[in-house]
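Trainee: Before we turn to any particular feature, could you take me through how one reads a structure of this kind?

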Amino acid sequence: MSGVKGSRTLMTPHLALIAAAVAVAAVPLLTPDRYVLKVLVYVGVNVIVIAGLALLFGHAGQISMGHAAFVGIGAYTSAYLVKTLGAPWLVGAIAATMLAAAGGLVLALPALRLRGHYLAMATLGFNEIMYVVFREARAVTGGNDGLGGIPYPEVAGLRIDTPVGVYLLVWGVALLTLLLVTNILRSRPGRAMRALHATENGALACGIDTVGLKIRTFALSAALAGLAGALYAHGVGFISPTTFGLDQSVIYVAIVVVGGAGSLAGPVLAAVALTLLPYADALVPGLTKETIAVMQDWEADIYGLAMIAVVIFAPAGIGGLLRRASARRAGEVRG
Amino acid sequence: MDAAEFFQYVIAGLKSGSIYALVALGFTVVYGATGIINFAQGEFFMLGGVLAVWFHSLGLPLPVAGIAAVAATALLGVVFERVALRRQRSANPLVLVIITIGASMVIKSLARHLFGPDELSLQEFTPGPSIDVAGAAVERQALWVWGLTIVAVLVLAWLYRRTKLGRAMRACSISHDAARLMGIDTARVVMVSFGIAAALGALGGFAVTPLTQTSWDAGAAIGVKGFAAAILGGLGNPVATVIGGLVLGLLESLSVAFLSSTYKDAISLLVLLVVLFVRPQGLFGKARRGKV
Amino acid sequence: MSVRGAGVTMGGMRALTRAGAALLVAVCLPVVGCAGSGAGGDDGAEPYRIGAVLSLTGSYAGLGIPEKKAIDLEVARINEAGGINGREIEVIYEDDATDAAKAQAAAVRLIDEEGVLAIIGASGTGQTMAMRSDAERAGVPIISMAGGSVITDDFSEWVFQTPWPNRIVVPFVLKQMAAAGHTRVALISDTGGYGVDGRDYVLAHAEEAGVTLVADQTYNAGDTDMSSQMTKIRAADPDAVLIWAAGKEAAIIARNARQLNMEQPLYGGSGIARQEFIDGAAEAAEGVRLGTGRILVPEAFGEGTEAYNVATDFIARYEAEYGAKPDIFAGHAYDAIGLIADALGRIDGDVTSEALRDALEQTNGWIGIDGTFTYSANDHNGLTEDEMVLYIIDGGTWRLDD
């Protein structure tokens, strides 16, 4: 971990983001295909969620098996406020983000007393409870059959009701999210988080408020998930509980693990690639629907094996976790 | 509500509670030996039922099919430990948890590929009408469930108290390092623990399939409930775990009786979260000063 | 020596740049691969492309699979006879796995990616409702094979329905129960669209039909044990129990009732008119009564009538092809594809989704399996209570109840 001199290093991740922004803007100019744009909306939503989860996971060393629940909280909040109560879309989106953040706070505060795997179970339990709530609170959520006819986003009187418009909105937010997370990682709190990760006692000794840091990171990652949920609800127009279930949370974890939890770029790329995979037949000529159907059929196996393999053989980001953790382990006594 | 109806709910609660107890014992045994939560425990439960159906369809008589299913699952547990977990012994618990999550995904999906997406049934071990006990109807299969649970618990108790292996397991659960210093082969203890946990889960799956049918995705829900039961009783303490399972089953059943059936699933989850946040050591466990 | 950037290695920066470039490529890939699939032009030889969203897996797989078989059978017959106006029909299937979100995604895919003229589907009420917004936005007609009344009660210009909706079946069954002397009735229904819709109609029509509801229990699709609900029902001491369900859980309910030593007769609607129910409930299915259309025992149509001929012809061909008799769901699907084919044949000029919808609305007296259909600009269901009869399960199969 050598120090790096010079301003050049500051430019590079932002350069990558600018390049990405150009690419994102170019896509609708190169293809008018509505379906491709709709698929890319799903990708953008997932990128926002994964950015938050990678921040939590890789840099604060916390695991969340329930992030899909925060996406759901955001989605239903915004859908209910805008569709049922007639609130303006911006209000819905902000409320969605705030409520998800609040949920993150409520979970993080007591959960921080728990050790690694207990926390995982707590977030898992939270996801399952929210699933039951989504299913049973029919007056608000429409129950098992979901909530449809969610209005398009509307900003300052301008209705964003074309596939291109929704695509640009979602990816605009996604790029801003990546910028935000990148800046956090490079800022003092970000470095503090990584230090905390390395040796907690060391970080404490340096006067870093580890507990506060963890809580804020958890809340932020939940907020991002909620924002993604709001965008999804209005972009797609229909939401139902199964979209926000445990299976989805596990897939998010798998994406971050496979992408390499120590960085942002890895998980984001993994998110893009894995979200596009089920639609690859619409995107790559020569791939038939049947081939994709077969791949979809084996998706869970592939995810599971990939997770195990990455963790065992190619830790990459997890490697950093391991290296630092083994230093910690030497002093740990199992009570 | 009259006595017969109340008793019916108690019966239902004890019935599901025994299943939770078996699955929860699996969590406890693994936790005691390794200190980690095995996220694949629910899948062992699923395999017990699914494999029993398959063996039975191959022509094996029902009891043999059941024993074969339990044995096969136990073997899978052992193999899993050796192949995927053993080399990671010194690793961050986070890593081990991720491995068990990955294993759970793979096992579940393979089950769907091998055995199909539909419900699978087994006939009751001793078909016949339900037995009337004080106005409540008790299915014959429920008697089997209780019987097998009691046998499993007794065998486990005997193992822990009377055998060298059992004492080694208890030593490990107190302190891994101390046990190793005493010359105990901790690696073997871990391996056997996984086998036992898998066998217990599979036994539960096999016993309950005639009542509820089974399918490739039957593991997830029971895994969460089994863990809630283990936490409720006190992870690491087998007797407490069994009590936790029965209590959870009763809580669920009585909540249906007095509240509403729609929130039945939420009860176990609420219990899980409340216990984790208020009293992580469970009803019977000792308070520990855990590091963050 | 700059402190900024400490903690992030040179290698890391390079990685980020590479990552950025790769992200660029990844986002550009869809552009390269976009084959620009739009709706097929009105070329003379091009087949009519019809989409179908069915539950081929999940709780309603027992509905979707016979539906697909019926559609395949009919499409093959139509195409072999020369198609419609010289053009064949091509059906593109999507499996919604009994999930509303997947049904909606399937509809988007069929409309935007495959450019279909119309969509047959879904097998379930909730899934059908999930597809509505996208179909309405795109102006593509949907012919649903699900029985929830809300599908046509909550009227949409683009949504049609072939089965007898709960609006028809519920009052019919309730009246039968009252006529048999069962005036204290317990209801158990699922929380999906069909169950909720059925329950609403039971609550609305119970008094009118002459029954009182003494218990009202629900369960979620996917539940494996309904004995708690049945215990509550038993405690209410009803004369009979009405099951309003369409999924495989209905068989478990019947078994639970038997296990609790309940003696009351069980009734149901179209949702339990399935061989799967009889197979899953085993002895518990004996004596269960249900109200549904005449297809199960075609003699009920009246021998020699055209409806009877249509039904027996379909049954014979289906049985020859698949080795088993068609059930009511195969019937719904036969009607759906048949109505579309009939409407397509009547279109003058360009065949567009809108023209197809208009032609469907002009359907008058078309004889199908579910009954004789007459659609209009404000009736997109086309059937009445006359199509209903009461069956009883006896010896592992259905017969008309006397």
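What follows is a conversation about a predicted model, going from whole chains to one residue and then to a pair of domains.

Trainee: Which secondary structure elements are there in chain B, and in what pattern do they follow along the sequence?

Mentor: One starts by counting the elements and then reads their order, and here chain B has 11 helices and two strands. Written out along the sequence, the pattern of chain B is α-α-α-α-β-β-α-α-α-α-α-α-α, while chain A comes to 16 helices and two strands.

Trainee: What does the radius of gyration of chain B say when set beside that of a compact globule?

Mentor: The idea is to compare the value with the one expected for the chain length. A compact globule of 292 residues would have a radius of gyration near 19 Å, and chain B agrees because its own value is 19 Å. Along the principal axes, the C-alpha trace of chain B spans about 55 × 45 × 35 Å.

Trainee: How much of each chain is buried, and what share of the contacts is between residues 24 or more positions apart?

Mentor: In chain B, buried residues make up 59% of the 292 residues, and in chain A 56% of the 335 residues count as buried. Among contacts with a separation of 6 or more, residues 24 or more positions apart account for 75% in chain B and for 77% in chain A.

Trainee: Is A:Ile255 buried or exposed?

Mentor: Burial is read from a neighbour count, for which the threshold is 20 or more other C-beta atoms within 10 Å. A:Ile255 has 27 C-beta neighbours inside 10 Å and therefore counts as buried. This residue is placed in helix α11 (residues 246-259) of chain A.

Trainee: With which residues is A:Ile255 in contact, leaving aside its neighbours within four places in sequence?

Mentor: The contacts are with A:Ile50, A:Pro267, A:Ala270, A:Ala271 and A:Leu274. Of these partners, A:Ala270 is 15 residues from A:Ile255 in sequence, and the two lie 5.9 Å apart in space, C-alpha to C-alpha.

Trainee: How is chain C divided into domains, and which residues make the contact?

Mentor: Domain 1 of chain C covers 48-164 + 304-384, and domain 2 covers 167-292. The contact between domain 1 and domain 2 of chain C takes 20 residues from each of them. On the side of domain 1 that touches domain 2, α2 (61-80), α4 (125-138) and α5 (150-153) of chain C each supply at least two residues, and α4(C) gives the most, with three residues. The residues of that side of domain 1 of chain C divide into nine nonpolar, nine polar and two charged.

Key: Residues are numbered from 1 along each chain as its sequence is written. Chains are lettered from A and ligands numbered from 1 in the order in which they are written. This is a predicted model: local features need pLDDT of at least 70, side-chain atom pairs count only at pLDDT 80 or more; totals for chains, interfaces and linings use all residues. Domain bounds come from an automatic or database domain assignment. Two residues are in contact if their C-beta atoms, placed from the backbone, lie within 7 Å. Helices (H or I, at least four residues) and strands (E, at least two) are DSSP runs, numbered from the N terminus. Ala, Val, Leu, Ile, Met, Phe, Trp, Tyr, Cys and Pro count as nonpolar, Asp, Glu, Lys and Arg as charged, and the others, Gly among them, as polar. A residue is buried if 20 or more other C-beta atoms lie within 10 Å of its own, exposed if 12 or fewer, and partly exposed in between; C-beta atoms are placed from the backbone. The radius of gyration is taken over C-alpha atoms; the globule rule is 2.2 Å times the number of residues to the power 0.38.
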